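Please open the model in your viewer and keep the sequence panel visible. The tour below proceeds by selections, each followed by a description of what is to be found there.

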Amino acid sequence: DFLERTGYRLPTEGEWEYVCRAGSVSSRPYGRSEGRLGSYGWFVGNSVRTMHPVGRLKPNDLGLFDILGNAFEWVNDPFTGPYEPAEGGNPLRDAVMDAPFSDQYPRLLRGGAFGIQPGVVRSAIRNWDQPSNRVDDYGFRPARTYP
């Protein structure tokens, strides 16, 4: 019932992708162009392979900074494999799984990071790792449930 509880939590994968895309249907919130990525996110081409303070580049249309690049962001969903096709072109619903945070259930990471090639830094990119793994390009963006 974590989606009904008030307070801070990790976003679901669907929530993360929704706020990343900010209403767009392209691979990035501002469009498809890799050439504009350096204005919105830190990646191997502009980061000098180091993380940067948030807010130095342009935000997406929902006002979120660094939603792509800089750091892969943990989401609540465990990695269960590739997306399954949706029926009739409808969007997939979040398959919220009540899985404890343990290395038995790898978790998803979204958004790309400062050392990643531009073709991979896009809204649909999915990565995964064990929750106990600590890497210098992993981070999180809290979500909040309101009553």
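The tour begins with the whole chain, continues to the sheet and the core, and ends with two loop residues.

**The whole chain**

Select the entire protein chain. This is a predicted model, and the chain averages a pLDDT of 89, with 91% of the residues scoring at least 70. If you colour by confidence, strand β1 (residues 7–9) has the lowest value, at a mean of 89, while α2 has the highest, at 96.

Next, switch to a cartoon view. The protein chain contains two helices and six strands. Followed along the sequence, these elements appear in the pattern β-α-α-β-β-β-β-β. The radius of gyration is 15 Å, close to the 15 Å that the globule rule gives for 147 residues, so the chain is as compact as a globular protein of that length. Along its principal axes, the C-alpha trace spans about 40 × 40 × 30 Å.

Two further values describe the chain as a whole. Buried residues account for 42% of the 147 residues. Among contacts between residues at least 6 apart in sequence, 69% join residues at least 24 apart.

**The open sheet**

Select β2, β3, β4 and β5 together. In what order do the strands of the open sheet lie? The four strands follow the order β4-β3-β2-β5, and their pairing is mixed. Strands β4 and β5 (138–140) stand at the edges; each has a single partner strand, so one side of each is left without a neighbour in the sheet. From one strand to the next, the twist averages 50°.

Now select strand β2, residues 72–78. This strand is mostly covered, for seven of its seven residues are buried. On one side, β2 pairs with β3 in the antiparallel sense over three bridges. β2 is also joined to β5 by three bridges, and these two strands run parallel.

E73 is a convenient residue with which to see both pairings. Which residue is the bridge partner of E73 in β3? The partner there is R110. In β5, the bridge partner of E73 is G139.

Move to strand β3, residues 107–110. Side chains in a regular strand alternate between the two faces of the sheet. In β3, R107 and L109 lie on one side and L108 and R110 on the other; all four are buried, and both faces of the strand are thus covered. Strand β3 pairs with β4 (residues 126–129) in the antiparallel sense, over four bridges. Within this pairing, R107 stands opposite D129 in β4.

**The nonpolar core**

Select W16, L68, F72 and V121 and show their side chains. These are the residues with the most contacts inside the largest nonpolar core, which has 17 residues. The elements α1, α2, β2 and β3 each give two or more residues to this core. Which element gives the most? It is β2, with three residues. In soluble globular proteins, nonpolar side chains tend to be buried together.

**L68, a loop residue in the core**

Keep L68 selected and hide the others. L68 is found in the loop between α2 and β2. Is L68 buried or exposed? Because its relative accessibility is 3%, and buried means under 20%, L68 counts as buried.

Display the surroundings of L68. Leaving aside neighbours within four places in sequence, L68 is in contact with W16, C20, R28, P29, Y40, G41, W42, G111, V121, R122 and S123. Two of these, W16 and V121, were selected in the previous step among the residues with the most contacts inside the core. To relate L68 to a position far along the chain, select P142 as well: the two residues are 74 residues apart along the chain, and their C-alpha atoms are separated by 15 Å.

**A22, the last stop**

Finally, select A22, which is found in the loop between α1 (13–21) and α2 (37–40). A22 has a relative accessible area of 16% and is buried. Not counting residues up to four places away in sequence, A22 touches N60, D61 and L62. Add R32 to the selection: A22 and R32 are 10 residues apart in sequence and 14 Å apart in space, C-alpha to C-alpha.

Key
Residues are numbered from 1 along each chain as its sequence is written. This is a predicted model: local features need pLDDT of at least 70, side-chain atom pairs count only at pLDDT 80 or more; totals for chains, interfaces and linings use all residues. Side-chain values use heavy atoms; hydrogens and water are left out. Buried means under 20% relative accessible area, exposed over 50%, partly exposed in between (1.4 Å probe, protein chains only). Two strands pair if DSSP finds at least two bridges between them. Contact means heavy atoms within 4.5 Å. A nonpolar core is a set of buried Ala, Val, Leu, Ile, Met, Phe, Trp, Tyr and Cys residues joined through side-chain atoms within 4.5 Å. Axes are lines fitted to C-alpha atoms, for helices over the stretch in contact, and angles run from 0 to 180 degrees between N-to-C directions. pLDDT is the predictor's confidence in each residue, from 0 to 100. The radius of gyration is taken over C-alpha atoms; the globule rule is 2.2 Å times the number of residues to the power 0.38.
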